[in-house]
Amino acid sequence: MTWEEIQKATLDKVFSRTNYGVEVSLDSADVADYVKAMPAAANFAFIDLAEIMPIYKSVEQELTETVQGNRLFKVRELAPDFMRLCPDKLTITDEYNNFCRINDYQFDGDDQLYVPGSYTGTLVIWYEALPYQVNESTPGDTTFDLSEEAQRAIPLYIASQIFKEDDISMAVQYLNEYENCKAMLNSRVQNTQSGGGFTSVWGWV
């Protein structure tokens with residue numbers, strides 16, 4: 001879904017988007033307060049849903065020679081959207097595309113990764129990425145890495161937040177529907193033991 005599609009799907013729930021058969025645009029004064037409040041609610045939902053259906057990415061570093069001690073990588077400098085390390089997805093790949101999983105690493109603080117200096121080859125760091133965050137200036141055709149299934153729950157959460165002052169009972173209903181969608185997605189992930197596909201930020205896979 002695009003950001004515009006998410007916004008319009010939200011308005012479908014809290015406001016009639018047609019006026020005598022003519023669609024009310026997102027920049028109409030009639031819906032200005034709703035539209036202005038959407039980004040903050042959407043950003044919460046993006047991160048909330050990414051906890052259930054993570055966005056997996058990777059970043060690579062070439063290790064051309066051995067060094068004494070440990071190498072330090074500040075993962076957030078390599079990948080600004082870094083949220084969480086995938087501990088079982090730290091690998092070394094050699095020139096023949098053979099790979100081995102690294103288990104003797106250390107991860108400290110928010111993003112400090114220590115890897116033994118004896119490794120050479122291509123270090124591949126898999127991580128869970130932060131979802132893209134929107135604001136009032138985000139173009140309507142912006143798309144997102146979050147699973148399409150998860151994205152379809154976002155209008156429900158936005159509606160639950162921006163409709164509180166108009167109709168609290170409907171806002172609570174939308175929030176309950178959102179939580180039900182989350183529970184369904186979580187159950188599906190648990191059953192398949194998979195939260196999404198891996199996408200390399202360097203085009204590796």
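## A buried threonine in a loop

T138 counts as buried, because its relative accessibility is 10% and the limit for burial is under 20%. This residue belongs to a predicted model, in which T138 is found in the loop between strand 9, residues 121-129, and helix 4, residues 148-151.

The side chain of T138 has a polar atom that lies 2.8 Å from the backbone nitrogen of N135. When residues up to four places away in sequence are not counted, T138 touches W3 and Y132.

## The chain as a whole

The secondary structure of the protein chain comes to six helices and 10 strands. Along the principal axes, the C-alpha atoms fill a box of roughly 70 × 35 × 30 Å. The radius of gyration of the chain is 21 Å, whereas a compact globule of 205 residues would have a value near 17 Å.

Of the 205 residues, 44% count as buried. The chain exposes about 11,500 Å², and carbon and sulfur atoms supply 47% of that area. Among contacts with a separation of 6 or more, 75% are accounted for by residues 24 or more positions apart.

## The nonpolar core

In soluble globular proteins, nonpolar side chains tend to be buried together. The largest nonpolar core in this model has 53 residues, and those with the most contacts inside it are L123, I154 and I158. Several elements give two or more residues to this core, including helix 1 (3-14), strand 3 (55-63), strand 8 (112-116), helix 5 (154-162) and helix 6 (168-192). Helix 2 gives the most, with nine residues.

I158, one of the residues with the most contacts inside the core, can be followed further. Leaving aside its neighbours within four places in sequence, I158 is in contact with W3, I6, T10, M38, A41 and A42. W3 is also touched by T138, the buried loop residue described at the start.

## Strand 5 and its partners

Strand 5 covers residues 82-93 and pairs with strand 9 in the antiparallel sense over seven bridges. Within this pairing, R84 has E128 of strand 9 as its bridge partner. Strand 5 and strand 9 are also among the elements that give two or more residues to the largest nonpolar core.

Strand 5 has a further antiparallel pairing, with strand 6 (residues 99-101), over three bridges. Here T91 stands opposite R101 in strand 6. Strand 5 and strand 6 form a hairpin with five residues between them.

## An exposed asparagine in the turn

N97 is placed in the loop between strand 5 and strand 6. Most residues other than glycine have a negative phi. The phi of N97, however, is near 65°, a positive value in a residue other than glycine.

Is N97 buried or exposed? N97 counts as exposed, because its relative accessible area is 63% and the limit for exposure is over 50%. T138, by contrast, is a loop residue that counts as buried at 10% relative accessibility.

## A position in helix 6

A183 is found in helix 6. A183 counts as partly exposed because its relative accessibility is 47%, a value in between the limits of 20% and 50%. A183 and D33 are 150 residues apart along the chain, and their C-alpha atoms are separated by 30 Å.

Definitions and conventions
Residues numbered from 1 in each chain as written. Predicted model: local features only at pLDDT ≥ 70, side-chain atom pairs only at ≥ 80, totals over all residues. Heavy atoms only, no water. Helix = DSSP H or I, 4+ residues; strand = E, 2+ residues; numbered from the N terminus. Buried < 20%, exposed > 50% of the residue type's maximum accessible area, 1.4 Å probe, protein only. Polar contact = N/O pair within 3.5 Å; in protein donor to acceptor, adjacent residues only side chain to side chain. Contact = heavy atoms within 4.5 Å. Pairing = 2+ DSSP bridges. Core = buried A, V, L, I, M, F, W, Y, C linked by side-chain atoms within 4.5 Å. Rg over C-alpha atoms; globule rule 2.2 N^0.38 Å. Areas by Shrake-Rupley, 256 points an atom, 1.4 Å probe, with all protein chains shown as cover.
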